[in-house]
Amino acid sequence: MPEPPRCTGSVDAGELRYSRAMIFAIEEINNSTELLPGIRLGYQIHDSCASVTVTVHAAFQLLNGQDPVFHPGANCSRSGMVMGVVGESGSTPSISMSRVIGSFNIPQVSYFATCACLSDKKQYPTFFRTVPSDQFQAEALANLVKHFGWTWIGAVRSDSDYGNNGMASFLEAAHREGICVEYSEAFYRTNPHRKIKRVADVIRRSTAVVVVAFTAGGDMKVLLEELAKDPPPPRQWIGSEAWVTDPHLLMFDFCAGAIGFGIQKSVIPGLRDFLLDLSPSEVAASPLLTEFWEDAFNCRLGKSAAAGENVCDGTEDIKTLQSPYTETSQLRITNMVYKAVYAIAHAIHNAVCQEKNFTTRCDKNSRLESKQVFNELKKVNFSQNGYDVSFDANGDPVAFYELVNWQKTEGGVIELVTVGYYDASLPMGQEFSINRNLSWVEGGTQVPVSVCTESCPAGTRKVLQKGKPICCYDCIPCPEGEISNATDSPDCIPCPREFWPNAERNVCFPKPVEFLSFDEVLSIILAVFSVGGACLAIITAAVFFRHRTTPIVRANNSELSFLLLFSLTLCFLCSLTFIGTPSDWSCMLRHTAFGITFVLCISCVLGKTIVVLMAFKATLPGSNMMKWFGPPQQRLTVVFFTFVQVLICTVWLVLSPPFAMKNLTTYKEKIILECALGSAIGFWAVLGYIGLLAVFCFVLAVLARKLPDNFNEAKLITFSMLIFCAVWITFIPAYVSSPGKFTVAVEIFAILASSFGLILCIFAPKCFIILFQPEKNTKKYLMNKN
């Protein structure tokens, strides 16, 4: 027969406190007149040594009823029947135990096994627990990390059911929240030192400031001892309840600022006195208490002491002992043990006791089966010392955690401070609450930043870095014409057609509307020249009218001269219609006025050119040409040529007239308010007709430029037409290539330049003679061919 497994190592003082708390609760129930009156509960305590093998051996002992170890003096009538099991502390031993005793419908209530896997009722049908499942804690930890804006974290876990399942739940919740994990390392306290060192080195080399540790207290102690040899850069530790509330780990001051969730603190009246009330005889009677006493006081009890060892007799003052056994200021897991015992007691009470006439009576002789206790345990719902106890369909309690923070006092001592809570029974979004200031890594007061990449500001978009997690990205400015108005925007959105982004590319503003307005310097200059040119034409007309009887005025066809000056005045003034806000009416007016006035002007010049040619032909013997081109024919010529242009403009206006439009294509960042041509054929027909007349006039003037005369007007017309044609030939490419309002400015410049060319070339020499050389303004001088 194989030898039963034995425990090695020293007594865990914390676990001893849990077992003593169970005894305290059982004695409290046995002394109660309300719960199980007249019935006493018995118990057996087995040490699992945190070993699966020992745990399974203990489970079989419970089932077989072998080696009963009852409370001294207990009077149990049915000592062999196991109604329920309180335990285990760890998830892995609890899984092993549940697989053994679950087949026999024996309920198991754990006080510290938090693995979410144990909520699976198909595998563990009789398992209950008073401590919340790690599923809730994993969700709470993910919410905590998200709350503080950490998206780049490291993760370490115990290589056990507790750590592996808990971390798996956390990573799943973290992924849903958009949190990325730089590394995830598993280890166990019994791993070779090189494995522990490798995990510590990973933490040291990492870029993630926040480290989430889902580990058991013993495992965490081993890791922190390794890290303490060469402390890493500042790290913000986020802990699970298994280690973050362990008072023995507060000695690692480089973890100051750690935060995590812990089981709710509680008060159990009378427990501390019970724990400290250990008589010498009681200590001597229990091998477990003897071992604890000797370890705690570093001595040997009684006669077992060897030479040179300290001897103690059990009368030492346990109140002065600094030990997890005597630490009752923050009862957390101990209260879970207390609840577990009371839950089983209430289930037994509901199975064997009835209330009649406000009196509770229990049948102590009824044959109670563990299955009955199991069924009643599902329904228990009571309150003990102000703490509610109930189980859901998975055997889990309502999840309630305290948010705890490692804060350093003025004396440099780290203490555990409750700074908030997490209540899973509250509506979604309200479970998490912080009610006081937190202390962060290295005692800081500002929330540390732990991101792979800083948030992309508005005006940029995220572009993932190839081969890296989604939290690692580059911030690319939005393309031209697009914005993003939120941080970490994955895409930029285009502005509406008439809007354009600001410099930061986070807001769309209406595009500025551009046109040649009267308040611009360029417009003012052009308007001054336009009005000045019109005034110059009027002044010239006044000079000609004042000297209308002089030979130089009469010799140059005064009627056509006055009509030409009138048309030039209109040409100068029509350029004003191109300035200002374009409208449908102004667009039609500017193009038709320009076309008609210039044709009228060129027609007059053409008439004057023909008159020069006819006058020369009339001087030849036998010629009577002038009678065929007298004043009536001259007027008719001007009217005919002008009427053709009027007809072209009328057809243009009727079929497809010019109209005001918003040009959104020339410039992306602004709107050009301009006149659309309507029909390009109409515009170029108008312009082409003016050009045709100008070329025709130029050719005739060239032919007449060398005719013998002391004052040949054809020379002046030649120069004026040369300037006119040069201006309009250069106008066409400039007009096509000029952007926005400068297109209009070029058109105005061409009108003014050609108008000034005509008035200066044709009329300036005549006005100079009239005003400053009157001796030449004689018939004799004009007729002198020398």
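## Helix α16, a few cysteines and a surface patch

Me: Which residues of helix α16 are buried in this predicted model?
Reply: In this predicted model, the buried residues of α16 are Leu560, Ser561, Leu564, Leu565, Ser567, Leu568, Thr569, Cys571, Phe572 and Cys574.

Me: What makes Cys574 count as buried?
Reply: Buried means under 20% relative accessible area, and Cys574, with a relative accessible area of 5%, is therefore buried.

Me: Why is Cys574 not bonded to the closest cysteine sulfur, in Cys571?
Reply: A disulfide needs sulfur atoms within 2.5 Å, whereas the sulfur of Cys574 is 5.6 Å from that of Cys571, which is therefore too far for a bond.

Me: What makes Cys180 and Cys471 a disulfide?
Reply: The cut-off is a pair of cysteine sulfur atoms within 2.5 Å, and the sulfur atoms of Cys180 and Cys471 are 2.0 Å apart, forming a disulfide. This pair links distant parts of the chain, 291 residues apart, with Cys180 in strand β5 and Cys471 in the loop between β18 and β19.

Me: Why is the disulfide of Cys478 and Cys492 called left-handed?
Reply: The torsion about the S-S bond of Cys478 and Cys492 is about -80°, and so this disulfide is left-handed.

Me: Why is Leu647 called partly exposed?
Reply: Partly exposed lies between the limits of under 20% for buried and over 50% for exposed, and Leu647, with a relative accessible area of 46%, is therefore partly exposed. Leu647 is placed in helix α18, and together with Phe643, Val651, Val654 and Leu655 it makes a nonpolar surface patch of about 540 Å².

Notes: Residues are numbered from 1 along each chain as its sequence is written. This is a predicted model: local features need pLDDT of at least 70, side-chain atom pairs count only at pLDDT 80 or more; totals for chains, interfaces and linings use all residues. Side-chain values use heavy atoms; hydrogens and water are left out. Buried means under 20% relative accessible area, exposed over 50%, partly exposed in between (1.4 Å probe, protein chains only). Helices (H or I, at least four residues) and strands (E, at least two) are DSSP runs, numbered from the N terminus. Patches are made of residues with over 30% relative accessible area and no salt bridge: like charges are joined within 9 Å, nonpolar side chains (Val, Leu, Ile, Met, Phe, Trp, Tyr) within 5 Å. Accessible areas come from the Shrake-Rupley method with a 1.4 Å probe; for residues, only the protein chains shown count as cover. A salt bridge is a side-chain nitrogen of Lys or Arg within 4 Å of a carboxyl oxygen of Asp or Glu.
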